[in-house]
Amino acid sequence: MTNHAYKAARFLKNEERATWHDKTLWMVRKKRDLMALDVPDWEELREQASQIKRHSLSKLDDYLVQFEEQAINNGAQVHWASTAGKLNEIVYQIIKENNASRIVKSKSMLTEECGLNPFLEKRGIEIIDTDLGERIIQLKREPPSHIVMPAIHIKKEEISELFHRELNSEEGNTDPTYLAATARLHLRQKFLEAEVAITGVNFAVAENGAVVVCTNEGNADMGVHAAPIQIHCMGIEKVIPRLSDLAVFTRLLARSATGQPITTYTSHYLNPKPGGQMHIIIVDNGRSELIGKEDYRDSLKCIRCGACMNTCPVYRRSGGHSYHYVIPGPIGSILAPHSNSKEFENLPFASSLCGSCSDVCPVKINIHGQLYRWRQDLSQQGARSPIKKGIMKVSGKILASDKMYDWSGKVARWCIKYLPRVLIYNRLNTWGRERELPEVPRESFKEWYNKNFREGNKNGQK
Amino acid sequence: MQIGLFIPCYIDQFYPKVGIATLELLEKLGLEVFYPSEQTCCGQPLANSGAEDKAIKTYNNFVRIFSKFDYIVSPSGSCVYHVRENYNVLPQTDEVRRVRQNTFELCEFIVDILKTDDLKIDFPHKVGVHQSCHGLRGLKLATPSELIVEHYSKVHRLLKKAKGIEIINLDREDECCGFGGTFSIFQPDISVKMGKDRLDDHRRNGAEVITATDMSCLMHLEGIARRQNREVRFLHIAEILNSNRL
């Protein structure tokens, strides 16, 4: 069994919970549908977003340099990090140079990808995730299971227990308002103490050097406004040419992500505060290599809305952790093999290839097409197990020869019909664990046809 | 107009009645139908498992066998989609291009090429339509629920003409059943859970018959239903459309 299959099976052991997880995310998908319906020319908007991203990616060198110039003019300090390790080092240097030790951070999948938290914690620095969902999983010492709703897999009763244990909240109080207030009080203290605020970046606007961050909780702003030093971490693919392009994405992002018309906060950070510092770290970490791969470069268009997860029938029933990569779900399954094709070779197979992900994607990434392509490429690279390799080789031979195909079909039908049930429904027959095999007909279509038509003039030979 | 009938491997082996219904229906519609008996499979089971390289010979056979026909018609959206979409890896000779362009799923062939939808059917049953993904999103047999475009469905158009039919509304109109080819074998737990959820939706909404353009989805759903001793009938769309008075 592949890794995802194994973890998915574990998740499904508690079927009631899996059903709850499925329904919760399906609700978000339905909210997305309603919001999209409300926008005239939604499909055109998607197309526009896709083209802006394609264009930006094709001229990244120009736009990134333009962005850097503008940002420097605005008073920001711009750093370039070619790898995850470099990003971590740069952040650490900034912290050390300023003798800081208390950090708050708003949501950033990039720093998750780069492992910034463990890197800093190892060096004795307190780093607090301030997004409520992120804080919950940080206290639980778990990775996010969703890129927009990182704690979507956790029930309020469990959060109540966790907060009671970690934040001294009232035992057994599962009222969401109470729990949110508890987190708020706790985080307020952290905001006030913080010396450095780190944020992710949703968009970087080349024409004015602005870093745009979208949140619902305002936690990025709380951090940035209170701490003297702000650090914004962005992947190179976040740059877009103009503010007018941004409007296309802000219309799509929250609608696709959570079914809201817009995120509560859409903050444009331009300058450091008086006496403060504003750092922008631009990270590559494999992205420029990805641009070079024609079949896959479109995955860099992703704006991290998570719509593909909410719609994915596999994700909804297997949970984000089953993907064992920092970004789960369909988009994660096409990004993961880039970072490590061996470790994540099973992920492109964790899909029924239904294609729903590609149809909800606000920037029109052909996700299921890339999953299919990855399957081929990974198999070529030797990802297939020897058993699977053998099966494929034999199957390829059988399907390429009508004689062998006819004979094999006959044998298979005979076996299902006449072998004792215990032999057919054995441990290796994963189909038969919870499903019956089809009832075997007296003859195949081909046999029927040849019997009834071969004698006549319709023998299939034109 | 000469039609090459393509009967996918699993239909050939396990559901000859679906092949027969397709053949009979096409003949009733006045078409000259040929079934080349050296056919095997479109190659999708290999390619979906990542073994496209092992499928090339099967692709080439398919093209060689079927390129002589005006149209190739098949009772499977998924296999047709595979030919149309994924035979792009072959050198695009005239034959390959022709086969890719002229291979049609049964319902879209009737609606788009024969330009008819009234097949004079009586079918007084409550029917749940399972919209198979490759037909739906790949061949665009209907509007997927994700897209915000004008609503249509070729399958529903054909079924709605049936006398006495009641097509039920589902809570989730086009969610995947979880078959997914070899996905059903390599990811059995998720696959079955998806199938159970689909079946529940149909049952909740009162389906007596569940139909689809793809027997593979129905094979999976029926396999679960039989294991759970559920009372519901599964019919391929060709079987319903062939129950006519043409």
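**Exercise 1. State how far apart the centres of domain 1 and domain 2 of chain B lie, then describe their contact.**

Step 1. The centres of domain 1 of chain B and domain 2 of chain B, taken over C-alpha atoms, are 21 Å apart. This is a predicted model: local features need pLDDT of at least 70, side-chain atom pairs count only at pLDDT 80 or more, and totals for chains, interfaces and linings use all residues. Residues are numbered from 1 along each chain as its sequence is written, while chains are lettered from A and ligands numbered from 1 in the order in which they are written.

Step 2. Place the bounds. Domain 1 of chain B covers 2-113 and domain 2 covers 126-241; such bounds come from an automatic or database domain assignment.

Step 3. Count the contact. Domain 1 of chain B gives 26 residues and domain 2 of chain B gives 22 residues. Two residues are in contact if their C-beta atoms, placed from the backbone, lie within 7 Å.

Step 4. Sort the domain 1 side by class. Facing domain 2 of chain B, domain 1 of chain B has 15 nonpolar, seven polar and four charged residues. Nonpolar means Ala, Val, Leu, Ile, Met, Phe, Trp, Tyr, Cys and Pro; charged means Asp, Glu, Lys and Arg; the others, Gly among them, are polar.

**Exercise 2. Describe the fold of chain B as a whole.**

Step 1. Chain B has 13 helices and eight strands. These are DSSP runs, numbered from the N terminus: helices are H or I, at least four residues, and strands are E, at least two.

Step 2. Take the box. Along the principal axes, the C-alpha atoms of chain B fill roughly 50 × 45 × 35 Å.
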